[in-house]
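User: I would like to learn how to read a few features of a protein model. Please take them one at a time.

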Amino acid sequence: MGRKDSVWSLGDGQGPEDLDKPIDSPPRSTLLIESPQSASVPVGGDITFVAKVEAKDLLRKPTIKWFKGKWMDLASKTGKHLQLKETFERLTKIHTFEMHIIKAKDNYAGNYRCEVTYKDKFDSCSFDLEVKEVEQGSQNVDIRSAFKRSSEGQDDAGELDFSGLLKHREPKQDDTPEVDVWEILKNARPDQYEKIAFMYGITDLRGLLRRMKKIPKEEKKSEAFAKKLEPAYQVDKGGKIRLVVDLADPTVELKWYKNGQEIRPTPKYIFEHKGTQRIMVINNCSMNDDAAYSVAAGDEKCATELFVKELPVKIVKGIEAVKTTVNERIELECEVSEEGAQVKWMKNGVEVPTGVRSRYRVKCEGTKHFLVIDDASREDTGTYSVMATGGTSEARIQVDLKPLKVHQDLQDTTVMLGQPIKLLCEISPGNVPGRWYRNGQLVQPNDRINIIHRNKYVTSVNSLHDAGDYTFVPEGYSQSLSAKLHIIDPPRVHLDSMNFPDNTVTIVAGNKLRLEIPISGEPAPRVVWMKGERSGQRVRAETYGDQTSLTIEVTEREDTGNYKIVLQNEAGEATASVKIKVVDIPDPPEAPLVPVVGGDWCSMTWEPPKYDGSSPILGYFVERKKKQSSRWMRLNFDLIKETSFEPKKMIEGVPYEVRIFAVNAIGVSKPSEPSKAFTPLAVTSEPTMLVVDDVTDTTVTVKWRPPETIGAAGLDGYLVEYCIEGTDDWIVSNTEVTEKTRYTITGLTPGCKILVRVKALNAAGASTPRTLQHSILVKEVIEPPKIRVPRHLKQTYTRRVGEAVNLVVPFMGKPRPKVTWLKEGKTIEPTDVSIRNTDCDSIIFIRKAERSHSGKYEMNVQVENHVDTAILDIQIVDLPGPPVCVTIEDVWGGNVALVWTPPKDNGNAPITGYTIQKADKKTMEWFTCIEHYHRTCITITELVVGNEYFFRIFAENMCGLSETATQTKKSALIVKEGLQIKTHDYNDHDFKEAPKFTQPLINTFAIAGYNATLNCSVRANPKAKVIWMKNKIAILDDPRYRMFSNQGVCTLEIRKPSPYDGGMYSCKAINDLGEAQVECKLEVKGQCGPRGELSLPPWYLNQMSGHVSPILSPDSYTWHKN
């Protein structure tokens, strides 16, 4: 099957001869006031068809359908090429329906139909669309290739691809036999078109049908009919139509069908024969005759459609205007053009009800129609109209009242409540019946009301309900009599019915107060609410009916007070008083005070709120929070009756805030303002290890260590106090807090005894004092001097020339020792060396060292007759000088033997080596032969034969190479050939040696869990085999031990030892000449647990051998033997 067109298709099985055939569908009603008209549009152009329907007589929107051909509904084909639009204009009450065709194509041409339906009404209109295209010359193209779809996927794919036909393409060889598709399509039935197109690869069936339509067609002659029925017939309703066929063979039996049912001869259907013509006459056509008719002659059939056009009903004689009075009979008459026609009667544009209970009656006599109103009233005045399908007629009816003469009119009357009422009027004629109305309501006589002569109104005892506007309406006359009856009553306030104790109303603040108080009085009294001596400004007073109300949407404490009600009307005045009491939650208390703060607690106090909400305070709630948090936590769930509280369980060092809630019978107040932030802080513990550091004749120096527990408040410093032994008066020695842990008490009396104590201070206060256990005698003690030479100064102190020397040598002694320095037994000049002495050390400083500063420095520290001496060896080194003399001792082959003497100046440091360089005489570019050479003679090898060389040598010490080198005076010429090398006989030295340990093992301490190593060095030739043993048992293939041997250095690494790895370790070296052995003791100290027990690593326990099974517990290791 071919692909459907992108917008709409013509329908399956429709012949090309039916594409442009119009279908007559005459209008069935008058719904359309503007119909779409036939039009033409060029290919690719846009066009719009418009249909309009008047909605004046329609209760809802009509239904519209657009068709192409007979049956194709275009509502399902909307898209980019077809759009349907509906609008409604409220002012003109017109529905507008539009069909937009966008970028029209030539297959859009044809007959279209628009159908409008509303309930049982129907209207339609047909119109044609012609799509004009540019004429093009015919081309001899292959029908199948011409109507195949384009492969380029454009929007118009499926149309005739002219661009593809214009491209020059090489024809492809097709082995299929040539088939004339045109002939096949011409001879096929329309329902076989798509099957043929699919069989032969023709995908653009619509384009094919358009091309076939333009080809002249030879009509096939019918064997039975010389002339067939016309495609369609049209006849007016009530008219007569003749359907005629001409037979080729008059003897053929002929049958007529209506909608597939055979038609028999009747007075309505008459069959006639005239020669070869067969005629069917349909008389008096009705809407039932609108159908499809066919005639069969043998095996052949021809068909047609009959459309019955309904003629509109016209109004021949319209209705006339009527003017009358009430209670008269009205009859409206009109005449139409057809008997039995339906008409509609309207009043002021609304259909007149004609039911059984309606005041309106309609009747019909032939072509005449009547609307009858038997008893006219003033409500019947209006514009009446009659509507038929072919026209409308309207006229106006005016109903007036009859005139009346008044001798005495009704008079306005004012009566006190409870007094009888009498209303009187006189009219002519006097016997005219009428009705009395009070405030528009009919008054009926009863035991209390008496109506005399129909124009006199009497009531015995009046009530407030009797007041109002009274009207006497004579029946059938245009005039009525009216008067006002006014009943007055003094105002009264009915507080007794409210059951308020002492006329007091209590309400909770924030709630809505609506106080409704019954009142009475006629006319309705003017009500004024007063608070004190003036009207309330925050209240809303309303008065309606028999009560007045006082409303406060949200009551506040200011609304408490006495309210006075004043009622006034023309009958008098009344007053009453009501007391309103507004109870509320109390005001929040003021911010609490926190006078005392502890380590995890505080003490807080507060004042009661200034306003208790007119209800006694029942207690308080306390909340606290961390300052940086927004979450408050309530501390008490039972009310606190007092105005103080001690919060506990706070975190030391964290700032807190507290607040208070007051509670009364109404509820909980808003929270108070938070207190000032406070931080729970605890004092530190007492200082530790307080000892005497120094004592003089007037001072005592003590020192101590910081407290073990400092806390979140930190440590600000210390306070030192002392007292004379035998007294309790503690004197503060330091007026300012000291941060150091050493302090000297001055101003003491020599020979006295004092006690000393130290306190630690922080933000929380002073800690418990730490006091010396024994008193101190204020008398200086002689301490012999002692020099504490640093470890690095016990050896020769070496520095390079130009570097700074800064040595600090501490010493001890009391009183302050006297320090002297000597160099080589002579006094040191202060210009060369700077010396600075303090109470506890001496500093020797040389800004820029020189070699002359080298030597032994002697330091003497003396306290009275006691002397201590220390010697410091300072060595200032510099670069060495070059070697003294370099000579060429011998030249043979490619070798040169050099000899030299050490430099005279070694730079005050041992010569560590020499650097030898060579240079070709031709280029004199120096190249290094060897570096860090220790001897004073060398043989340079691998020299190039034929070249002549010079040599030079640099001396080297710890500072580096000498600045200059000593060069050979003569050059060494490497002879090219003819030289004989003198060989010397040497006796090979026997290097074989039995193993000998040059560095033995030493006893070692190790920490459990940390790797330990044992080292020794051995010399042997040939290389010795090394065996490690523990407790004289060889260590073999144990992953916890790793053994190394490098250049005779033997190492045993024990990985994460435990105390059980301790013992005697030995190392044995064996070769062919002998063996040697060294041993040491390894002691492994275990790590102690929190209670001093031995702690072993779990991995070690898993590797232990024997019958010991470790069972581990969280606190310690317990050993069990199986």
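Analyst: The turns below go from the whole chain to single residues of this predicted model.

User: How many helices and strands does the chain have?

Analyst: The chain has six helices and 91 strands. Buried residues are 38% of its 1122 residues. Of the contacts with a separation of 6 or more, 63% link residues 24 or more positions apart.

User: Which residues gather in a patch of positive charge on the surface?

Analyst: A patch is built from residues with over 30% relative accessible area and no salt bridge. Here Lys786, Arg788, Arg791 and Lys794 form such a patch of positive charge. Arginine 788 sits in the loop between strand S61 (783–787) and strand S62 (797–800).

User: Why does arginine 788 count as partly exposed?

Analyst: Partly exposed covers the range between under 20%, which is buried, and over 50%, which is exposed. Arginine 788 has 47% relative accessibility, so it counts as partly exposed.

User: Where are lysine 649 and its loop, and is this residue buried or exposed?

Analyst: Lysine 649 is in the loop between strand S50 (644–645) and strand S51 (656–664). Its relative accessibility is 74%, so lysine 649 counts as exposed. Its phi is positive, near 60°, although lysine 649 is a residue other than glycine.

User: Which residue does a cis peptide bond join to proline 815?

Analyst: Lysine 814 is the partner, and omega of this cis bond is about -15°. Proline 815 lies in the loop between strand S63 (805–814) and strand S64 (818–823). Another cis peptide bond joins asparagine 1021 and proline 1022, with omega about 5°.

Conventions: Residues numbered from 1 in each chain as written. Predicted model: local features only at pLDDT ≥ 70, side-chain atom pairs only at ≥ 80, totals over all residues. Heavy atoms only, no water. Patch = residues over 30% accessible without salt bridge, like charges linked within 9 Å, V, L, I, M, F, W, Y side chains within 5 Å. Areas by Shrake-Rupley, 256 points an atom, 1.4 Å probe, with all protein chains shown as cover. Salt bridge = Lys/Arg side-chain N within 4 Å of Asp/Glu carboxyl O. Lys, Arg positive; Asp, Glu negative; His and termini not counted. Charge placed at Lys NZ, Arg CZ, Asp CG, Glu CD. Helix = DSSP H or I, 4+ residues; strand = E, 2+ residues; numbered from the N terminus. Buried < 20%, exposed > 50% of the residue type's maximum accessible area, 1.4 Å probe, protein only. Contact = heavy atoms within 4.5 Å.
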